[in-house]
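Me: Please show me the chain and its model. I have some questions about its surface, its fold and its pocket.

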Amino acid sequence: EWEKAQVAEINNVAPGSESVPNANARLLYSENGITVKLETDEKPLLGREERRNGDIYLDSCLEFFVRPEGEVEYLNFEMNPLGTLHLGLGKDRYGRTFPEIPDEVFDIKCTFEDDKWQLKLYVPFTVFDEIYGKHTDIFEGNLYNCGEETEKLAHVYESDCDETCDDCGAQREGAGQQQGAEADGLPAAQL
């Protein structure tokens, strides 16, 4: 299945980043949800946070931001190499709420092979239905590889952004939008 999905390179470097790991993502879109596979060769990896909704961004961190088309608030999935989840909902990084959806719903899996950290995350459409009252065929989103307290500060993202965009990367006209099997600027393959 994964070989059908196009690779989304996470290679836009934020100012101040001291490290530029090779990171990418693939998405699979099915009738039931979106599966995201994130991969990075970041070294050394840092994974300390074990608390749900703790300070994951301080560790080596892979992130998936997503919202249905037309929505202002987005879901922010942050995960570290331990598989610890930080799940926020908001229109920006300030004042987010924390949906109480069990981790098991997202089937988070971390693997380490060929000198790479791979993380898989499943987001069922029922999550969008619960939070937004709907899901759409078009999603907006972004992907990040970051780490505020890693040996070298890393902060790279997939969708090009400027000061007019939020973390989801979709404020500008047409930025990060895809329909059907293409989930939000993030190339996906239909299951």
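Reply: Accessible areas here come from the Shrake-Rupley method with a 1.4 Å probe; for residues, only the protein chains shown count as cover. This is a predicted model: local features need pLDDT of at least 70, side-chain atom pairs count only at pLDDT 80 or more, and totals for chains, interfaces and linings use all residues. Residues are numbered from 1 along each chain as its sequence is written, and side-chain values use heavy atoms, with hydrogens and water left out.

Me: What share of the exposed area do carbon and sulfur atoms supply?
Reply: The protein chain exposes about 9,000 Å². Of this area, carbon and sulfur supply 43%.

Me: How many strands are in the protein chain?
Reply: Elements are DSSP runs numbered from the N terminus: helices are H or I, at least four residues, and strands are E, at least two. The chain has one helix, and its strands number 13.

Me: Which residues of helix H1 are buried?
Reply: Buried means under 20% relative accessible area and exposed over 50%, with partly exposed in between (1.4 Å probe, protein chains only). H1 spans residues 125–132, and its buried residues are Phe125, Val127, Phe128 and Tyr132.

Me: Why do they lie on the same side of H1?
Reply: The arc is that of the directions from the helix axis to the C-beta atoms. The buried residues are on the same side of H1 because they cover an arc of only 150 degrees around the axis.

Me: Which exposed residues does the face turned away from the buried side of H1 carry?
Reply: That face of H1 is turned away from the buried side. The exposed residues there are Thr126 and Glu130.
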